[in-house]
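Biologist: Thanks for sitting down with me. Could you bring up the model, so that we can go through it together?

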Amino acid sequence: MNKVSIDQILNHLNSKNLAFKFIGPFNLIFNGIRALSDYTKNSIIFYRGDDFSVIKNLDLSERLLVVKSEMMINSKVLENLLVVENPDLTVCYIGELFEEKPLPGVHPSAIVHPSAKVHESSSIAAYVFIG
């Protein structure tokens, strides 16, 4: 799985014209998105609820918590927060950064007609027929 830096996340959210506020250091690296119930070191977690008591005791060192902006009214959590209007949409956008990109080339089971023009940076998956 890809590792993603906070800079990559913030740049990606900017490219999607998503409004956010980031509170924390810029040297964080993440290895995935996890549920609130089983988050680990270097993970991104999100909370869409309104009950601050659910998140107030989380250890956020080397983690990122994505929360709704309304939660910040009562929040005393001052590190590693990404404050957004829609945590679900934000996590979907962040998830795009963790997708494995296929390597260029033609899978051995693919059939490509000799006259087909395929760019060298293309990735032709298994069992694809290009005629």
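Biologist: Lovely. Is L81 buried or exposed?

Modeller: Keep in mind that this is a predicted model. L81 sits in strand β7, which spans residues 81-84. Under 20% relative accessible area counts as buried. L81 has a relative accessible area of 2%, so the word for it is buried.

Biologist: And how far apart are the C-alpha atoms of L81 and K21?

Modeller: Along the chain, L81 and K21 are 60 residues apart. In space, the separation of their C-alpha atoms is 8.0 Å.

Biologist: Let's turn to helix α1. Which of its residues are exposed on the side away from the buried ones?

Modeller: Helix α1 covers residues 6-15, and its buried residues are I6, I9, L10, H12 and L13. These cover an arc of only 160 degrees around the axis, which puts them on the same side of α1. The exposed residues on the other side are N11 and S15.

Biologist: What phi does the residue N17 take, just after α1?

Modeller: Here the backbone is the thing to look at. Just after α1, the phi of N17 is positive, at about 55 degrees.

Biologist: Now the aromatic rings. What geometry does the pair of F22 and F26 have?

Modeller: A pair of aromatic rings is described by two quantities, the distance of the centres and the angle of the planes. The structure holds 1 aromatic pair. Its rings, those of F22 and F26, have centres 5.3 Å apart and planes at 65 degrees; planes over 60 degrees apart count as edge-to-face, so the pair is edge-to-face.

Biologist: Which residue of that pair counts as exposed, F22 or F26?

Modeller: F22 has a relative accessible area of 14% and is buried. Exposed means over 50%. At 54% relative accessibility, the residue that counts as exposed is F26.

Biologist: Stepping back to the whole chain, what is its radius of gyration?

Modeller: The chain has 2 helices and 11 strands. For 131 residues the globule rule gives 14 Å, and the chain is well over that, so it is more spread out than a compact globule. Its C-alpha atoms fill a box of roughly 65 × 30 × 25 Å along the principal axes. The radius of gyration is 20 Å.

Biologist: Last one: what share of the exposed area do carbon and sulfur atoms supply?

Modeller: Buried residues make up 34% of the 131 residues in the chain. The chain exposes about 8100 Å², and the share from carbon and sulfur atoms is 54%.

Key:
Residues are numbered from 1 along each chain as its sequence is written. This is a predicted model: local features need pLDDT of at least 70, side-chain atom pairs count only at pLDDT 80 or more; totals for chains, interfaces and linings use all residues. Side-chain values use heavy atoms; hydrogens and water are left out. Buried means under 20% relative accessible area, exposed over 50%, partly exposed in between (1.4 Å probe, protein chains only). Helices (H or I, at least four residues) and strands (E, at least two) are DSSP runs, numbered from the N terminus. The arc is that of the directions from the helix axis to the C-beta atoms. Rings of Phe, Tyr and Trp (its six-membered ring) pair if their centres lie within 6.5 Å; planes under 30 degrees apart count as stacked, over 60 as edge-to-face and the rest as tilted. The radius of gyration is taken over C-alpha atoms; the globule rule is 2.2 Å times the number of residues to the power 0.38. Accessible areas come from the Shrake-Rupley method with a 1.4 Å probe; for residues, only the protein chains shown count as cover.
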